[in-house]
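Hello,

Here is the structure you were due to receive. My notes on the ligand site and the internal spaces follow it.

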Amino acid sequence: MDPSGRADSGDRHRIDASVAHSARVHDYWLGGKDNFAADRVAGDAVMAAYPGIVASVRANRAFLARAVRFLVGEAGITQFLDIGTGIPASNNTHEVAQSVAPGARVVYVDYDPVVLQHARVLLTSAVPGTVDYVDADLREPDRILREAARTLDFGRPVAVMLIAVMHLIVDADHPYEIVGRLKAAMTPGSYLALSQVASDIETEQVAEARRRYNSLARETQQHRTHAEVTRFFDGLDLVPPGVVPVPQWRPGSELEARAKSSMWGGVARR
Ligand SMILES: C[S@@+](CC[C@H](N)C(=O)[O-])C[C@H]1O[C@@H](n2cnc3c(N)ncnc32)[C@H](O)[C@@H]1O
């Protein structure tokens, strides 16, 4: 069983090519090569229901990069806990952060065995000692915090990144308690950056995409409204413009702001 009590598909460290996994489907949408036929079938099924999906995941990656640039360049953050890392793509958190502050520290966390294989590459290509990887499930926040403390000093401000991962934590797994536990570990001056798929943007297409994904994938997606996503930031001060479609979060250009997206995102300070 996994921590939620649901049946787990065997040892999660074994690569299971027979069923779609979120990290690999996401890689497929981004044009990567680390995916199997089952991932491409699920990815295509979503795309057929919601043709905007590729633009949406690209807009989310651009949001991640802008949020990290803001956090290092304007908020002075040099420590990152990036949970739900994904298979490396362009502009990974440590690359963006270290391009502004070369000594910035990043701990990546994911539970997917394919991401774990890539983590070894991320770690060896980084500035020595500043990037770490924790193979863990977000539903075990205390373990994540304990292992991240090898590299991060939680007595100083940290940015917790939950980018495109909370829609993979269903309500039965207590997502608000998980985020609450992470927020409680953040010293004042720390930040939370979070994005997740909306249930109230392009509602019908995105709901049909979710139904198709959930029938084909190992993880279950749960989309949330603007109010439900905003609730993740409770107790923190949202940085303007607040919780918005991700392309509208401090866009670099008018064109970027107009990108298609079905994700809410925001950044807030403790
Ligand atoms: C859609 S991808 C997002 C990747 C990256 N954050 C981005 O925005 O480009 C979601 C990632 O979260 C990971 N993930 C999903 N559920 C998780 C959990 N319970 N614990 C740890 N990682 C999880 C998946 O393995 C996948 O790599």
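**Ligand site and cavities**

Helix α1 gives the most to the shell around the ligand, contributing three residues. Please keep in mind throughout that this is a predicted model. α1 covers residues 22–29, and α3 covers 53–73; each of these helices supplies at least two residues of the shell. In total, 22 residues surround the ligand, and the closest are R61, G84, D110, L138 and I163. Sorted by class, the shell holds 10 nonpolar residues, six polar ones and six charged ones.

Two of those closest residues, R61 and D110, also have side chains with an N or O atom close to a ligand oxygen. For D110, the distance between a side-chain N or O atom and an oxygen atom of the ligand is 2.6 Å. For R61, the corresponding distance to an oxygen atom of the ligand is 2.9 Å. With Y111 the ligand atom is a nitrogen, which lies 3.3 Å from an N or O atom in the side chain of Y111. As for cover, the ligand taken alone exposes 600 Å², and the protein buries 98% of that. The place it occupies is the largest pocket.

Next, the enclosed spaces. How many cavities of 30 Å³ or more does a search of the whole structure find? The search finds two.

The largest cavity has a volume of about 80 Å³. Its lining consists of 10 residues, and those that lie nearest its centre are R12, R14, H21, P113 and R218. By class, this lining divides into six charged residues, two polar and two nonpolar.

The second largest cavity contains about 30 Å³ of space. Lining the second largest cavity are R61, L64, D82, T85, N92, T93 and Y108. The class count for this second lining is three polar, two nonpolar and two charged residues.

One residue links the two parts of these notes. R61 is among the closest residues to the ligand, and R61 also appears in the lining of the second largest cavity. When you open the model, R61 is thus a convenient place to begin: its side chain has an N or O atom 2.9 Å from a ligand oxygen.

Regards

Conventions. Residues are numbered from 1 along each chain as its sequence is written. This is a predicted model: local features need pLDDT of at least 70, side-chain atom pairs count only at pLDDT 80 or more; totals for chains, interfaces and linings use all residues. Side-chain values use heavy atoms; hydrogens and water are left out. A residue is near a molecule or strand if one of its heavy atoms lies within 4 Å of it. A polar contact is a pair of N or O atoms within 3.5 Å; within protein, one must be able to donate a hydrogen and the other to accept it, and residues adjacent in sequence count only if both atoms are side-chain atoms. Accessible areas come from the Shrake-Rupley method with a 1.4 Å probe; for residues, only the protein chains shown count as cover. On a 1 Å grid over the protein atoms alone, a cavity is a set of points where a 1.4 Å probe fits but cannot get out, and a pocket is an open set with protein on both sides within 12 Å along at least five of seven lines; lining residues have an atom within 4 Å of a point. A molecule sits in a cavity or pocket if more than half of its atoms lie within 2 Å of its grid points. Helices (H or I, at least four residues) and strands (E, at least two) are DSSP runs, numbered from the N terminus. Ala, Val, Leu, Ile, Met, Phe, Trp, Tyr, Cys and Pro count as nonpolar, Asp, Glu, Lys and Arg as charged, and the others, Gly among them, as polar. Grid points are joined across faces, edges and corners, and a volume is the space filled by probe spheres set on the points.
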